Amino acid sequence: MNNFTETEERQALRKAVYDFGSKYGHEYYLKIAREGGHTNELWDEAGKLGYMGVAVPEEYDGGGGGIGDLAAVCEELCAAGTPLLLMVVSPAICGTVIARYGTEEQKQHWLPRFATGEVRMAFAITEPDAGSNSHKITTTARQDGDDWVLNGQKVFISGVDEAEAVLVVGRTEDAKTGKLKPALFIVPTDAPGFEAQDIPMDIVSADKQFTLFFDNVRLPANALVGESTDTALLQLFAGLNPERIMGAAFSLGLARLALNKATEYAKTRNVWGAPIGSHQGIAHPLAQIKVEIELAKLMTQKAAALYEAGDDMGAGEAANMAKYAAAEAAVHAVDQAVHTHGGNGLATEYGLGAMIAAVRVGRIAPVSREMILNFVAQHSLDLPKSY
Amino acid sequence: MTNIVVLVKQVPDTYSERKLAETDHTLDRESADAVLDEINERAVEEALKIKEAGEGEVTVLCVGPDRATDAIRKALSMGADKAIHVSDEALHGSDILATAKVIAAAIGKVEGVDLVIAGNESSDGGAGAVPALLAELLGMPQLTYAHHVSVEGSAIKVDRETADEGITHLEANLPAVVSVTEKINEPRYPSFKGIMAAKKKPVETLTVADLGLDAGEVGLDNAWSTVSEAAPKPPRTAGEKVEDDGDGGTKIAEYLVGQKLI
Ligand SMILES: Cc1cc2nc3c(=O)[nH]c(=O)nc-3n(C[C@H](O)[C@H](O)[C@H](O)COP(=O)(O)OP(=O)(O)OC[C@H]3O[C@@H](n4cnc5c(N)ncnc54)[C@H](O)[C@@H]3O)c2cc1C
Ligand SMILES: Cc1cc2nc3c(=O)[nH]c(=O)nc-3n(C[C@H](O)[C@H](O)[C@H](O)COP(=O)(O)OP(=O)(O)OC[C@H]3O[C@@H](n4cnc5c(N)ncnc54)[C@H](O)[C@@H]3O)c2cc1C
């Protein structure tokens with residue numbers, strides 16, 4: 001069994017990032033989100049400090065750390081009230097896929113700028129008819145000379161307006177068999193024929209979601225990730241564990257933020273001559289949430305440790321469970337934090353009402369709660385599949 | 001090349017509850033989270049700026065118990081090059097005179113020091129005297145309460161700012177001792193690379209004997225002042241509420257006069 005204490009460096013990183021995020025704080029975040037703005041200065045400053053590039057290999061000017069470090073950064077920023085949703089997508093999914101399967105040219109081009117946070121890349125897999133069921137993806141690339149021509153549609157893609165490019169999961173015809181198989185493309189957001197429409201969402205977030213249209217988007221040969229389409233499936237799988245670990249970290253940080261607000265309030269709010277936190281009706285649910293958070297955090301750390309040790313399969317089960325548990329903890333934490341605050345729980349000043357929808361995202365994306373339970377039922381319990 | 005020593009102290013976090021130990025009235029360091037004093041983060045920042053503007057080396061120097069390594073590590077993760085940690089049971093309860101002697105002796109271990117940077121006062125002891133004592137012991141000029149520092153060749157210029165005297169422009173030849181105020185700069189956050197590099201940087205740990213000092217010169221028993229009694233600050237009272245019936249201003253003025261504030 002490994003050590004249950006994080007390394008000194010990891011702890012120092014958490015502390016530094018939390019302090020850094022706190023300088024901006026939740027009020028700053030909510031103000032920007034409500035005005036429809038972006039937290040660019042926060043992202044850029046974090047990038048300069050190397051926090052966005054902790055997991056980029058050292059040879060590409062990154063921190064040379066692992067997904068556990070990146071997850072720690074993500075969690076601490078959320079806990080400080082300054083969630084950066086694109087961390088789940090840009091450095092974690094896109095950065096990992098390119099670092100593991102990109103051509104040397106692609107690595108040289110993108111990774112040093114992932115290391116500094118200078119570049120943000122969105123990730124597009126979901127389609128109107130292919131959410132939970134990604135086998136139904138229809139976005140298709142056709143080869144035309146050396147070029148690729150992309151057609152299709154994506155939905156709910158985060159942060160496209162902040163991104164220089166989108167990593168698009170499409171399909172292409174296998175040269176030999178003629179069957180459609182997956183292929184990943186890096187599509188610049190200013191490519192002709194590419195259009196992004198923002199989707200009105202009832203989430204208070206500084207990052208927006210978009211519907212994407214690809215209308216004969218012409219891409220050079222080197223837009224395809226890797227030397228050929230042969231590794232596309234592996235590329236997709238490579239992104240899954242980081243995505244889930246980061247999703248878990250994101251939820252964990254928000255859960256901590258809500259629990260912190262609730263405990264602070266429960267210590268000071270006095271209704272019958274004693275702080276409300278002294279009533280077990282208030283204290284016990286908060287204690288339960290603390291337990292849920294610690295358990296989810298432990299599973300997230302386990303998933304990261306297994307992933308870093310190269311055990312992709314073992315990490316898969318842990319990462320799914322961590323993502324599930326963290327999302328549930330966050331939903332419960334916000335629900336209880338709102339309730340602990342009484343009327344103030346829904347007052348704009350306390351910023352908790354704004355979190356109700358925000359933590360629900362963790363149950364839906366990047367993979368829904370039910371799809372995780374399906375995974376556990378089939379892989380961990382060996383139960384038959386219904387779909 | 002400017003060879004800089006920054007004096008850093010580990011203090012109880014000002015956000016946590018701070019207590020004195022019941023037995024000997026020294027600071028109960030176990031009861032609160034220990035952090036690098038914020039003013040010392042600013043001192044480190046200033047040293048790093050001077051180094052980055054030209055060439056230099058930054059050594060952090062800390063006198064404190066074993067756990068002060070955390071404060072040292074923080075300074076190293078910000079970018080300081082190496083550290084000296086004076087740690088010795090005999091130092092427990094040392095007064096400012098002893099602390100300054102120990103620091104002076106430790107600075108003697110660093111070759112060719114050009115500049116010593118300290119905070120103007122710590123957030124726990126708060127004597128605000130170490131930098132001056134140290135300058136005296138080292139025979140160096142002291143430029144205290146700096147809110148702006150610039151090194152030009154072998155000279156140093158400081159804008160000194162105090163509430164009583166306003167701004168004074170000071171200038172001296174190096175080597176010198178500078179103490180900085182809260183206003184000097186915004187300290188940087190440790191970068192990821194800084195954090196990863198910190199553990200590999202050299203930290204020299206010294207005892208009182210290593211410094212050629214006698215244990216009889218330091219510690220609680222040899223302090224020039226003793227604390228005979230200590231009581232916690234009484235809790236804040238609810239204060240006085242004044243209804244404003246159009247005469248609020250007068251009532252405030254009366255209150256201030258009553259407190260001998262105006
Ligand atoms: C804020 C936000 C940001 C997002 N960002 C991105 C992004 O950047 N990139 C991207 O590609 N996508 C993104 N998504 C999309 C997200 O990944 C999908 O919404 C998610 O995968 C669910 O797909 P769907 O919406 O099509 O739901 P559906 O697949 O239609 O599912 C609807 C419901 O049915 C349930 N369900 C479906 N199949 C089963 C089954 N077999 N068994 C039991 N229950 C089932 C689901 O759990 C869900 O509750 C984002 C979504 C949101 C809300
Ligand atoms: C009742 C009482 C009990 C005490 N008990 C203890 C005790 O048990 N253990 C203990 O360590 N102290 C103890 N002290 C505190 C100690 O005597 C002083 O804190 C110390 O001498 C330095 O004084 P200061 O912090 O007030 O320095 P100041 O003059 O206010 O500090 C100015 C600057 O000097 C530098 N500096 C000061 N001290 C150090 C240091 N140790 N290392 C590196 N740089 C430094 C820093 O740059 C600091 O910003 C006690 C003080 C009192 C009043």
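Let's start with helix α1 of chain B, which lies across five strands: β1 (2-7), β4, β6, β7 (142-152) and β10 (176-180) of chain B. Against β1(B), α1(B) runs at about 175°. Please keep in mind that this is a predicted model. Helix α3(B) packs on the sheet as well, touching β1, β4, β5 (82-86), β6 and β11 of chain B. The direction of α3(B) makes about 145° with that of β4(B).

So what is the strand order in that sheet of chain B? Reading across, we have β9-β8-β7-β10-β6-β1-β4-β5-β11, which makes 9 strands in an open sheet with mixed pairing. From one strand to the next, the twist averages 30°. At the edges stand β9 (166-173) and β11 (203-206) of chain B; each has a single partner strand, so one side of each has no neighbour in the sheet. As a general reminder, strands in a sheet pair through backbone hydrogen bonds, and the pairing can be parallel or antiparallel. For β8 (residues 155-162) and β9 of chain B, the sense is antiparallel, over 8 bridges. If you'd like one pair to find on screen, D159(B) has H169(B), in β9(B), as its bridge partner.

Now the ligands. Around ligand 2 there are 33 residues, and those that come nearest are T26(B), G119(B), S122(B), G125(B) and A127(B). Which elements give two or more residues to this shell? They are α1 (38-53), β4 (56-63), α3 (96-107), β6 (115-119) and α4 (130-138) of chain B. You'll recognise α1(B) and α3(B) as the helices we met on the sheet. By class, the shell around ligand 2 has 16 nonpolar, 13 polar and 4 charged residues.

Over to chain A and ligand 1. Here 22 residues surround the ligand, with T126(A), G131(A), S132(A), S368(A) and E370(A) the closest. Two or more residues each come from β1 (121-124), β3 (147-158), α9 (353-364) and α10 (369-380) of chain A. The shell around ligand 1 has 14 nonpolar, 7 polar and 1 charged residues. And why does ligand 1 lie between two domains? Because domain 2 (123-230) and domain 3 (233-380) of chain A both give residues to its shell.

Last, the place where the chains meet. There, 10 residues of chain B are in contact with 13 residues of chain A. On the chain B side, α2 (69-78) and α5 (192-198) each supply at least two residues, and α5(B) gives the most, with 4. That side of chain B has 5 nonpolar, 2 polar and 3 charged residues.

Notes
Residues are numbered from 1 along each chain as its sequence is written. Chains are lettered from A and ligands numbered from 1 in the order in which they are written. This is a predicted model: local features need pLDDT of at least 70, side-chain atom pairs count only at pLDDT 80 or more; totals for chains, interfaces and linings use all residues. Two residues are in contact if their C-beta atoms, placed from the backbone, lie within 7 Å. Ala, Val, Leu, Ile, Met, Phe, Trp, Tyr, Cys and Pro count as nonpolar, Asp, Glu, Lys and Arg as charged, and the others, Gly among them, as polar. A residue is near a molecule or strand if its C-beta atom, placed from the backbone, lies within 6 Å of it. Domain bounds come from an automatic or database domain assignment. Two strands pair if DSSP finds at least two bridges between them. Axes are lines fitted to C-alpha atoms, for helices over the stretch in contact, and angles run from 0 to 180 degrees between N-to-C directions.
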